[in-house]
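These notebook entries record what I looked up in the structure, going from the chain interface to individual side chains.

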Amino acid sequence: MSLEIYLDLFSQPCRSVYIFTKKNNIQFDHKKITLFDGSQYGEEFGKINVLRKLPAIKYGDFCLAESVAIMMYLAEKFHTPDHWYPADLQKRARVNEYLSWQHSSIRIHGSRILWFNLLIPKAMGVEVPKEKIDNAVEDFDGSLKLFEMKFLQDKPFIVGDQISLADLVAVVEIMQPVGAGMDVFENRPKLKAWKDRVREEIGAELFDEAHQALLSLQEDVKTMDPKKMDPLKPKVLKYFLS
Amino acid sequence: MAGRQAVKAYLDLVSQPCRAVLIFLKDNKIPHTVESIAIQKGQHKTPEFIKLNPMQKLPVLEDNGFVLTESDAILKYLATAYNVPDHWYPKLPEKRARVDEYTAWHHENTHMHISSVFLHEFLLPRMGLPNPEMLEKALSDLDGTLDKLENMFLKRQAFLCSDDISLADLLAVCELMQPLCGGRDILKNRPKLLSWRSRVQSSLSDSFDEAHDIVYRMRI
(Lines give C-alpha, C1' and ligand atoms only; values in the text may rest on other atoms or scores of the structure.)
Protein backbone atom coordinates (compact mmCIF):
# COMPACT_ATOMS: atom_id res chain seq x y z
CA MET A 1 0.00 0.00 0.00
CA SER A 2 1.51 3.32 -0.98
CA LEU A 3 1.96 6.21 1.41
CA GLU A 4 1.76 9.68 -0.09
CA ILE A 5 2.82 12.62 2.06
CA TYR A 6 2.09 16.19 0.97
CA LEU A 7 4.69 18.59 2.31
CA ASP A 8 6.23 22.02 2.03
CA LEU A 9 9.32 22.13 4.22
CA PHE A 10 8.86 25.84 4.83
CA SER A 11 6.09 24.72 7.20
CA GLN A 12 6.98 23.61 10.70
CA PRO A 13 4.49 20.74 10.96
CA CYS A 14 5.67 19.48 7.56
CA ARG A 15 9.22 19.37 8.83
CA SER A 16 8.31 17.30 11.85
CA VAL A 17 6.48 14.73 9.70
CA TYR A 18 9.36 14.69 7.19
CA ILE A 19 11.98 14.15 9.89
CA PHE A 20 9.86 11.49 11.62
CA THR A 21 9.30 9.42 8.49
CA LYS A 22 12.87 9.72 7.24
CA LYS A 23 14.38 8.95 10.63
CA ASN A 24 12.23 5.84 10.92
CA ASN A 25 12.91 4.74 7.34
CA ILE A 26 9.24 4.85 6.44
CA GLN A 27 9.01 4.73 2.65
CA PHE A 28 6.78 7.37 1.15
CA ASP A 29 6.02 9.23 -2.00
CA HIS A 30 7.03 12.84 -1.26
CA LYS A 31 4.47 15.12 -2.88
CA LYS A 32 5.86 18.62 -2.86
CA ILE A 33 3.43 21.47 -2.49
CA THR A 34 4.65 25.06 -2.59
CA LEU A 35 2.49 27.01 -0.17
CA PHE A 36 3.66 30.35 -1.50
CA ASP A 37 2.42 29.41 -4.98
CA GLY A 38 -1.02 28.69 -3.61
CA SER A 39 -0.89 25.17 -5.03
CA GLN A 40 -2.68 23.92 -1.92
CA TYR A 41 -5.77 25.45 -3.51
CA GLY A 42 -5.57 23.22 -6.59
CA GLU A 43 -8.27 20.67 -7.39
CA GLU A 44 -6.03 17.62 -6.88
CA PHE A 45 -4.95 18.56 -3.41
CA GLY A 46 -8.52 19.43 -2.46
CA LYS A 47 -9.36 15.75 -2.82
CA ILE A 48 -6.69 14.85 -0.28
CA ASN A 49 -7.48 17.53 2.27
CA VAL A 50 -10.55 19.72 1.98
CA LEU A 51 -9.05 22.06 4.58
CA ARG A 52 -6.16 22.63 2.14
CA LYS A 53 -3.62 22.52 4.88
CA LEU A 54 -0.28 20.81 5.08
CA PRO A 55 0.93 18.29 6.00
CA ALA A 56 -1.51 15.69 4.71
CA ILE A 57 -1.14 11.98 4.03
CA LYS A 58 -2.91 9.43 1.88
CA TYR A 59 -2.27 5.83 2.86
CA GLY A 60 -4.24 3.64 0.50
CA ASP A 61 -7.67 5.27 0.69
CA PHE A 62 -7.09 6.76 4.10
CA CYS A 63 -6.51 10.52 4.16
CA LEU A 64 -5.37 12.37 7.25
CA ALA A 65 -4.32 15.91 8.19
CA GLU A 66 -2.77 17.51 11.30
CA SER A 67 0.90 16.66 11.84
CA VAL A 68 0.38 15.46 15.40
CA ALA A 69 -2.36 13.02 14.33
CA ILE A 70 -0.28 11.92 11.33
CA MET A 71 2.78 11.08 13.41
CA MET A 72 0.75 9.25 16.07
CA TYR A 73 -0.89 7.24 13.29
CA LEU A 74 2.37 6.41 11.51
CA ALA A 75 4.04 5.50 14.82
CA GLU A 76 1.34 2.91 15.35
CA LYS A 77 1.11 1.61 11.77
CA PHE A 78 4.85 1.33 11.22
CA HIS A 79 5.76 0.20 14.74
CA THR A 80 8.35 2.89 15.31
CA PRO A 81 10.56 2.65 18.46
CA ASP A 82 8.53 3.13 21.62
CA HIS A 83 10.27 6.32 22.76
CA TRP A 84 8.65 8.39 19.99
CA TYR A 85 5.15 7.85 21.39
CA PRO A 86 5.52 5.64 24.49
CA ALA A 87 3.02 2.94 25.29
CA ASP A 88 3.46 3.74 28.99
CA LEU A 89 0.33 5.67 29.94
CA GLN A 90 1.95 8.45 31.90
CA LYS A 91 4.82 9.01 29.48
CA ARG A 92 2.34 9.12 26.61
CA ALA A 93 0.23 11.59 28.58
CA ARG A 94 3.28 13.85 28.93
CA VAL A 95 3.82 13.76 25.17
CA ASN A 96 0.13 14.54 24.58
CA GLU A 97 0.28 17.32 27.15
CA TYR A 98 3.11 19.08 25.32
CA LEU A 99 1.60 18.51 21.87
CA SER A 100 -1.62 20.05 23.13
CA TRP A 101 -0.09 23.08 24.87
CA GLN A 102 2.20 24.06 22.01
CA HIS A 103 -0.64 24.79 19.55
CA SER A 104 -1.64 28.05 21.18
CA SER A 105 1.77 29.08 22.43
CA ILE A 106 5.10 28.37 20.74
CA ARG A 107 3.48 27.51 17.42
CA ILE A 108 1.52 30.72 17.10
CA HIS A 109 4.19 33.04 18.45
CA GLY A 110 7.06 31.50 16.48
CA SER A 111 5.00 31.61 13.31
CA ARG A 112 4.11 35.27 13.82
CA ILE A 113 7.76 36.28 14.13
CA LEU A 114 8.62 34.79 10.75
CA TRP A 115 5.66 36.44 9.05
CA PHE A 116 6.02 39.82 10.80
CA ASN A 117 9.79 40.12 10.53
CA LEU A 118 10.33 38.69 7.08
CA LEU A 119 7.51 37.46 4.90
CA ILE A 120 4.90 40.19 5.25
CA PRO A 121 7.30 43.13 4.84
CA LYS A 122 9.79 41.58 2.42
CA ALA A 123 7.76 39.12 0.37
CA MET A 124 4.43 40.95 0.45
CA GLY A 125 5.66 44.52 0.70
CA VAL A 126 3.32 45.36 3.57
CA GLU A 127 4.61 47.17 6.63
CA VAL A 128 3.98 45.61 10.02
CA PRO A 129 3.47 47.99 12.98
CA LYS A 130 6.42 47.86 15.36
CA GLU A 131 4.08 47.19 18.28
CA LYS A 132 2.90 43.96 16.71
CA ILE A 133 6.46 42.81 16.11
CA ASP A 134 7.49 43.64 19.67
CA ASN A 135 4.45 41.84 21.08
CA ALA A 136 5.16 38.76 19.01
CA VAL A 137 8.75 38.65 20.26
CA GLU A 138 7.63 39.14 23.84
CA ASP A 139 5.01 36.39 23.55
CA PHE A 140 7.52 34.02 21.99
CA ASP A 141 9.98 34.78 24.77
CA GLY A 142 7.28 34.05 27.36
CA SER A 143 6.49 30.72 25.70
CA LEU A 144 10.14 29.72 25.69
CA LYS A 145 10.41 30.50 29.41
CA LEU A 146 7.37 28.31 30.14
CA PHE A 147 8.80 25.61 27.87
CA GLU A 148 12.05 25.52 29.84
CA MET A 149 10.37 25.77 33.23
CA LYS A 150 7.51 23.34 32.84
CA PHE A 151 8.34 20.95 30.01
CA LEU A 152 12.09 20.69 29.83
CA GLN A 153 13.12 21.39 33.45
CA ASP A 154 16.42 19.60 34.03
CA LYS A 155 15.76 16.62 31.82
CA PRO A 156 17.61 15.86 28.60
CA PHE A 157 14.30 15.63 26.68
CA ILE A 158 10.70 16.61 27.39
CA VAL A 159 9.57 13.19 28.59
CA GLY A 160 12.86 12.15 30.19
CA ASP A 161 15.87 10.38 28.86
CA GLN A 162 14.74 9.83 25.32
CA ILE A 163 13.53 11.93 22.41
CA SER A 164 9.81 11.77 21.61
CA LEU A 165 7.29 13.41 19.25
CA ALA A 166 7.11 16.25 21.79
CA ASP A 167 10.76 17.22 21.22
CA LEU A 168 10.41 16.88 17.46
CA VAL A 169 7.36 19.14 17.29
CA ALA A 170 8.97 21.59 19.72
CA VAL A 171 12.21 21.91 17.80
CA VAL A 172 10.69 22.59 14.38
CA GLU A 173 8.48 25.32 15.85
CA ILE A 174 11.28 26.90 17.87
CA MET A 175 13.43 26.96 14.71
CA GLN A 176 10.86 28.94 12.72
CA PRO A 177 11.93 32.46 13.81
CA VAL A 178 15.52 31.56 12.91
CA GLY A 179 14.30 31.78 9.33
CA ALA A 180 13.75 35.49 9.88
CA GLY A 181 17.26 35.90 11.22
CA MET A 182 16.40 35.80 14.91
CA ASP A 183 19.01 34.09 17.08
CA VAL A 184 16.55 32.17 19.19
CA PHE A 185 19.24 30.38 21.15
CA GLU A 186 21.32 33.42 22.12
CA ASN A 187 21.37 33.80 25.90
CA ARG A 188 19.40 30.58 26.27
CA PRO A 189 22.04 27.97 27.05
CA LYS A 190 19.60 25.37 28.34
CA LEU A 191 17.46 25.64 25.23
CA LYS A 192 20.49 25.51 22.96
CA ALA A 193 21.81 22.40 24.72
CA TRP A 194 18.43 20.73 24.27
CA LYS A 195 18.27 21.72 20.60
CA ASP A 196 21.75 20.31 20.01
CA ARG A 197 20.75 17.06 21.69
CA VAL A 198 17.61 16.81 19.59
CA ARG A 199 19.54 17.58 16.40
CA GLU A 200 22.05 14.86 17.28
CA GLU A 201 19.33 12.29 18.04
CA ILE A 202 17.58 13.03 14.77
CA GLY A 203 20.88 13.09 12.91
CA ALA A 204 22.53 16.39 12.01
CA GLU A 205 22.30 15.70 8.29
CA LEU A 206 18.57 15.02 8.32
CA PHE A 207 17.87 17.95 10.66
CA ASP A 208 19.84 20.36 8.49
CA GLU A 209 18.32 19.03 5.26
CA ALA A 210 14.81 19.51 6.63
CA HIS A 211 15.61 23.09 7.67
CA GLN A 212 17.40 24.14 4.52
CA ALA A 213 14.35 25.76 2.89
CA LEU A 214 13.62 27.74 6.04
CA LEU A 215 17.18 28.90 6.53
CA SER A 216 17.57 30.10 2.96
CA LEU A 217 14.34 32.07 3.12
CA GLN A 218 15.98 35.41 3.90
CA GLU A 219 18.03 35.11 0.71
CA ASP A 220 15.19 33.69 -1.38
CA VAL A 221 12.88 36.52 -0.45
CA LYS A 222 15.29 39.02 -2.03
CA THR A 223 14.80 37.50 -5.46
CA MET A 224 11.15 36.51 -5.01
CA ASP A 225 8.67 38.18 -7.32
CA PRO A 226 6.46 40.28 -4.97
CA LYS A 227 3.40 39.44 -7.04
CA LYS A 228 3.97 35.77 -6.36
CA MET A 229 2.38 35.95 -2.94
CA ASP A 230 -0.58 38.08 -4.07
CA PRO A 231 -3.14 35.22 -3.94
CA LEU A 232 -2.19 34.56 -0.33
CA LYS A 233 -2.05 38.19 0.72
CA PRO A 234 -5.69 38.74 1.79
CA LYS A 235 -5.81 35.59 3.91
CA VAL A 236 -2.44 36.23 5.49
CA LEU A 237 -3.13 39.86 6.31
CA LYS A 238 -6.53 39.03 7.75
CA TYR A 239 -5.11 36.25 9.90
CA PHE A 240 -2.05 38.08 11.17
CA LEU A 241 -2.78 41.77 11.08
CA SER A 242 -6.44 42.30 11.81
CA MET B 1 -7.38 -1.21 39.58
CA ALA B 2 -7.63 -2.58 43.12
CA GLY B 3 -6.72 -0.05 45.78
CA ARG B 4 -6.58 2.76 43.21
CA GLN B 5 -7.43 6.09 44.73
CA ALA B 6 -9.92 8.41 43.10
CA VAL B 7 -8.47 11.00 40.74
CA LYS B 8 -8.68 14.66 41.67
CA ALA B 9 -9.84 17.19 39.12
CA TYR B 10 -9.18 20.91 39.57
CA LEU B 11 -11.98 22.61 37.70
CA ASP B 12 -13.85 25.84 37.12
CA LEU B 13 -17.05 24.98 35.27
CA VAL B 14 -17.13 28.37 33.58
CA SER B 15 -14.26 26.96 31.53
CA GLN B 16 -15.21 24.89 28.49
CA PRO B 17 -12.45 22.28 28.76
CA CYS B 18 -13.18 21.83 32.49
CA ARG B 19 -16.76 20.90 31.67
CA ALA B 20 -15.57 18.31 29.17
CA VAL B 21 -13.40 16.67 31.83
CA LEU B 22 -16.22 16.64 34.41
CA ILE B 23 -18.73 15.18 31.96
CA PHE B 24 -16.27 12.45 30.98
CA LEU B 25 -15.55 11.53 34.59
CA LYS B 26 -19.25 11.38 35.48
CA ASP B 27 -20.50 9.71 32.34
CA ASN B 28 -17.95 6.93 32.71
CA LYS B 29 -18.41 6.66 36.47
CA ILE B 30 -14.72 7.22 37.09
CA PRO B 31 -14.12 7.67 40.84
CA HIS B 32 -13.11 11.28 41.33
CA THR B 33 -13.18 14.30 43.57
CA VAL B 34 -13.49 17.86 42.31
CA GLU B 35 -11.61 20.80 43.70
CA SER B 36 -13.25 24.00 42.54
CA ILE B 37 -10.88 26.73 41.49
CA ALA B 38 -12.61 30.04 40.76
CA ILE B 39 -10.78 31.83 37.95
CA GLN B 40 -12.76 34.98 38.53
CA LYS B 41 -11.47 35.12 42.11
CA GLY B 42 -7.89 34.57 40.95
CA GLN B 43 -7.65 31.19 42.64
CA HIS B 44 -5.58 29.89 39.71
CA LYS B 45 -2.86 32.39 40.61
CA THR B 46 -2.27 31.40 44.24
CA PRO B 47 1.25 30.15 45.11
CA GLU B 48 -0.31 26.79 45.91
CA PHE B 49 -1.97 26.43 42.54
CA ILE B 50 1.05 27.72 40.64
CA LYS B 51 3.07 24.97 42.29
CA LEU B 52 0.58 22.49 40.87
CA ASN B 53 0.42 24.13 37.45
CA PRO B 54 2.89 26.91 36.60
CA MET B 55 0.81 27.68 33.49
CA GLN B 56 -1.96 28.91 35.86
CA LYS B 57 -4.54 27.15 33.74
CA LEU B 58 -7.39 24.73 34.19
CA PRO B 59 -8.27 21.87 34.04
CA VAL B 60 -5.65 19.96 36.02
CA LEU B 61 -5.87 16.27 36.84
CA GLU B 62 -4.05 14.60 39.70
CA ASP B 63 -3.88 10.82 39.72
CA ASN B 64 -2.13 9.52 42.80
CA GLY B 65 0.70 12.02 42.52
CA PHE B 66 0.75 12.23 38.72
CA VAL B 67 -0.25 15.75 37.71
CA LEU B 68 -1.51 16.33 34.17
CA THR B 69 -2.72 19.46 32.36
CA GLU B 70 -4.36 20.07 28.96
CA SER B 71 -7.90 18.76 28.58
CA ASP B 72 -7.29 16.58 25.51
CA ALA B 73 -4.27 14.93 27.17
CA ILE B 74 -6.36 14.42 30.31
CA LEU B 75 -9.27 12.89 28.42
CA LYS B 76 -7.03 10.55 26.42
CA TYR B 77 -5.28 9.50 29.63
CA LEU B 78 -8.54 8.77 31.43
CA ALA B 79 -10.01 6.96 28.42
CA THR B 80 -7.06 4.58 28.39
CA ALA B 81 -6.48 4.24 32.16
CA TYR B 82 -10.10 3.43 32.89
CA ASN B 83 -10.93 1.22 29.96
CA VAL B 84 -13.99 3.21 28.93
CA PRO B 85 -16.16 2.16 25.93
CA ASP B 86 -14.06 2.10 22.77
CA HIS B 87 -16.05 4.76 20.90
CA TRP B 88 -14.61 7.51 23.10
CA TYR B 89 -11.07 6.99 21.83
CA PRO B 90 -11.07 3.99 19.49
CA LYS B 91 -8.18 1.56 19.45
CA LEU B 92 -8.32 1.00 15.68
CA PRO B 93 -5.62 3.29 14.26
CA GLU B 94 -7.74 4.75 11.43
CA LYS B 95 -10.59 5.58 13.82
CA ARG B 96 -8.27 6.89 16.51
CA ALA B 97 -6.50 9.08 13.97
CA ARG B 98 -9.77 10.84 13.17
CA VAL B 99 -10.17 11.77 16.86
CA ASP B 100 -6.52 12.86 17.09
CA GLU B 101 -6.99 14.93 13.93
CA TYR B 102 -9.96 16.74 15.43
CA THR B 103 -8.38 17.31 18.87
CA ALA B 104 -5.30 18.85 17.20
CA TRP B 105 -7.39 21.09 14.92
CA HIS B 106 -9.64 22.07 17.85
CA HIS B 107 -7.03 24.28 19.55
CA GLU B 108 -6.56 26.96 16.91
CA ASN B 109 -10.10 26.69 15.60
CA THR B 110 -13.06 25.83 17.84
CA HIS B 111 -11.37 26.65 21.15
CA MET B 112 -9.58 29.76 19.99
CA HIS B 113 -12.55 31.43 18.33
CA ILE B 114 -15.06 30.52 21.03
CA SER B 115 -12.68 31.87 23.68
CA SER B 116 -12.34 35.08 21.71
CA VAL B 117 -16.13 35.50 21.43
CA PHE B 118 -16.49 34.81 25.17
CA LEU B 119 -13.76 37.33 25.97
CA HIS B 120 -15.17 40.11 23.82
CA GLU B 121 -18.88 39.50 24.40
CA PHE B 122 -18.94 38.50 28.06
CA LEU B 123 -15.73 39.14 30.01
CA LEU B 124 -14.33 42.42 28.71
CA PRO B 125 -17.62 44.36 28.66
CA ARG B 126 -18.09 43.39 32.32
CA MET B 127 -14.70 44.92 33.04
CA GLY B 128 -15.71 48.10 31.26
CA LEU B 129 -13.57 47.27 28.21
CA PRO B 130 -15.97 46.51 25.35
CA ASN B 131 -14.51 46.16 21.84
CA PRO B 132 -17.29 45.67 19.29
CA GLU B 133 -14.80 45.47 16.42
CA MET B 134 -12.93 42.56 17.96
CA LEU B 135 -16.23 40.86 18.76
CA GLU B 136 -17.27 41.15 15.11
CA LYS B 137 -14.00 39.62 14.00
CA ALA B 138 -14.29 36.82 16.55
CA LEU B 139 -17.83 36.04 15.42
CA SER B 140 -16.76 36.02 11.81
CA ASP B 141 -13.85 33.66 12.55
CA LEU B 142 -16.19 31.44 14.55
CA ASP B 143 -18.60 31.33 11.66
CA GLY B 144 -15.81 29.96 9.47
CA THR B 145 -15.07 27.32 12.08
CA LEU B 146 -18.72 26.27 12.26
CA ASP B 147 -18.76 25.89 8.47
CA LYS B 148 -15.76 23.58 8.72
CA LEU B 149 -17.30 21.59 11.56
CA GLU B 150 -20.35 20.96 9.41
CA ASN B 151 -18.68 20.36 6.08
CA MET B 152 -15.44 18.72 6.97
CA PHE B 153 -15.98 16.85 10.15
CA LEU B 154 -19.68 16.16 10.53
CA LYS B 155 -20.57 15.83 6.83
CA ARG B 156 -23.18 13.06 6.75
CA GLN B 157 -22.09 11.31 9.94
CA ALA B 158 -23.93 11.34 13.24
CA PHE B 159 -20.87 12.61 15.12
CA LEU B 160 -17.70 14.52 14.27
CA CYS B 161 -15.37 11.58 13.75
CA SER B 162 -17.69 8.65 13.02
CA ASP B 163 -21.20 7.42 13.72
CA ASP B 164 -20.40 7.19 17.41
CA ILE B 165 -19.71 9.89 19.98
CA SER B 166 -16.01 10.43 20.82
CA LEU B 167 -13.75 12.78 22.77
CA ALA B 168 -13.93 15.13 19.80
CA ASP B 169 -17.68 15.67 20.21
CA LEU B 170 -17.29 16.19 23.94
CA LEU B 171 -14.62 18.85 23.55
CA ALA B 172 -16.50 20.56 20.72
CA VAL B 173 -19.91 20.63 22.37
CA CYS B 174 -18.60 22.21 25.57
CA GLU B 175 -17.02 24.96 23.48
CA LEU B 176 -20.14 25.57 21.43
CA MET B 177 -22.21 25.98 24.59
CA GLN B 178 -20.00 28.82 25.87
CA PRO B 179 -21.55 31.76 24.01
CA LEU B 180 -24.84 30.96 25.79
CA CYS B 181 -23.26 32.71 28.80
CA GLY B 182 -23.62 35.91 26.82
CA GLY B 183 -27.11 34.98 25.65
CA ARG B 184 -26.01 33.89 22.17
CA ASP B 185 -26.87 30.54 20.62
CA ILE B 186 -24.42 30.30 17.78
CA LEU B 187 -26.08 27.15 16.45
CA LYS B 188 -29.46 28.83 16.12
CA ASN B 189 -29.45 28.92 12.32
CA ARG B 190 -27.53 25.74 11.76
CA PRO B 191 -29.93 22.78 11.82
CA LYS B 192 -27.20 20.24 11.10
CA LEU B 193 -25.14 21.28 14.12
CA LEU B 194 -28.28 21.70 16.23
CA SER B 195 -29.25 18.08 15.69
CA TRP B 196 -25.66 17.01 16.33
CA ARG B 197 -25.76 18.89 19.63
CA SER B 198 -29.02 17.14 20.58
CA ARG B 199 -27.51 13.78 19.79
CA VAL B 200 -24.47 14.57 21.93
CA GLN B 201 -26.64 15.76 24.81
CA SER B 202 -28.78 12.63 24.65
CA SER B 203 -25.69 10.43 24.71
CA LEU B 204 -24.38 12.11 27.82
CA SER B 205 -27.34 11.64 30.18
CA ASP B 206 -27.45 13.93 33.21
CA SER B 207 -23.77 14.75 33.25
CA PHE B 208 -24.18 17.28 30.41
CA ASP B 209 -26.81 19.38 32.16
CA GLU B 210 -25.06 19.07 35.48
CA ALA B 211 -21.81 20.45 34.06
CA HIS B 212 -23.63 23.18 32.13
CA ASP B 213 -25.80 24.33 35.00
CA ILE B 214 -23.50 27.31 35.48
CA VAL B 215 -23.87 28.28 31.81
CA TYR B 216 -27.66 28.04 31.98
CA ARG B 217 -27.67 30.24 35.06
CA MET B 218 -25.38 32.83 33.48
CA ARG B 219 -27.58 33.24 30.40
CA ILE B 220 -28.88 36.75 30.20
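**Entry 1. Polar contacts across the interface**

I began with the term: a polar contact is a pair of N or O atoms within 3.5 Å, where within protein one atom must be able to donate a hydrogen and the other to accept it. The model is predicted, and I counted residue pairs in polar contact between chain A and chain B with both residues at pLDDT 80 or more; there are ten.

I then asked which elements give two or more residues to the side of chain A that touches chain B. They are β4 (62-65), α3 (67-77), α4 (89-101), α5 (106-124), α6 (130-152) and α11 (233-241) of chain A. The greatest contribution to that side comes from α4(A), with nine residues. Sorted by class, the side of chain A that touches chain B holds 18 nonpolar, six polar and nine charged residues.

**Entry 2. Extent of the interface**

I looked up the contacting residues: 33 in chain A meet 32 in chain B. The size of an interface is often given as the accessible area lost when the parts come together. For chain A and chain B I noted a buried area of about 2,900 Å², with carbon and sulfur atoms giving 63% of that area.

I also noted three salt bridges between chain A and chain B. In a salt bridge between B:E94 and A:K77, the N to O distance is 2.7 Å.

**Entry 3. Helix α4 of chain A**

I checked the length of α4(A) against expectation. The helix has 13 residues, so at 1.5 Å a residue the span should be 18 Å, and the end C-alpha atoms are indeed 18 Å apart. The expected value rests on one less than the number of residues.

I next asked what caps the N-terminal end of α4(A). The cap is A:D88, which has a side-chain oxygen 3.3 Å from the backbone nitrogen of A:Q90. For burial within α4(A), I recorded A:A93, A:V95, A:N96, A:E97, A:Y98, A:L99, A:S100 and A:W101 as buried.

**Entry 4. Salt bridges within helices**

Side chains of opposite charge can pair when their charged atoms come close. I searched the whole structure and found 27 salt bridges over all chains.

In chain A, I examined the salt bridge between A:K47 and A:E44, at 3.1 Å from N to O. Both residues belong to helix α2 (residues 43-48) of chain A and are three residues apart, about one turn of the helix. Are these two side chains buried or exposed? A:K47 counts as exposed because its relative accessibility is 56%, where the cut-off is over 50%. A:E44 is exposed as well, at 57%.

In chain B, I examined the salt bridge of B:R217 with B:D213, at 2.9 Å from N to O. This pair lies in helix α8 (residues 205-218) of chain B, four residues apart, again about one turn of the helix. B:R217 is exposed at 61% relative accessibility, whereas B:D213 is partly exposed at 35%.

**Entry 5. The network at B:R190**

I found that salt bridges with shared partners join B:D143, B:D147, B:E150 and B:R190 into one network. B:R190 lies in the loop between α6 and α7 of chain B. Its relative accessible area is 11%, so B:R190 counts as buried, being under 20%.

I went through the partners of B:R190 in turn. The salt bridge with B:D143 is 3.0 Å from N to O. B:D143 sits in helix α5 of chain B and B:R190 in the loop between α6 (167-177) and α7 (191-203), so this pair ties together parts 47 residues apart in sequence. B:D143 itself is partly exposed, at 40%. The side chains of B:R190 and B:D147 are joined by a polar contact of 3.0 Å, and a polar contact of 3.3 Å links B:R190 with the side chain of B:E150. Leaving aside residues up to four places away in sequence, B:R190 touches B:D143, B:L146, B:D147 and B:E150.

**Entry 6. B:L135**

I closed with B:L135, found in helix α5 (residues 132-154) of chain B. Its relative accessible area of 14% makes B:L135 buried. Not counting residues up to four places away in sequence, B:L135 touches B:V117, B:H120 and B:E121. I also took the C-alpha separation of B:L135 and B:L13: 23 Å, for residues 122 apart along the chain.

Conventions. Residues are numbered from 1 along each chain as its sequence is written. Chains are lettered from A and ligands numbered from 1 in the order in which they are written. This is a predicted model: local features need pLDDT of at least 70, side-chain atom pairs count only at pLDDT 80 or more; totals for chains, interfaces and linings use all residues. Side-chain values use heavy atoms; hydrogens and water are left out. Contact means heavy atoms within 4.5 Å. Buried area is the accessible area (1.4 Å probe) that two parts lose on being put together, summed over both. A salt bridge is a side-chain nitrogen of Lys or Arg within 4 Å of a carboxyl oxygen of Asp or Glu. Ala, Val, Leu, Ile, Met, Phe, Trp, Tyr, Cys and Pro count as nonpolar, Asp, Glu, Lys and Arg as charged, and the others, Gly among them, as polar. Buried means under 20% relative accessible area, exposed over 50%, partly exposed in between (1.4 Å probe, protein chains only).
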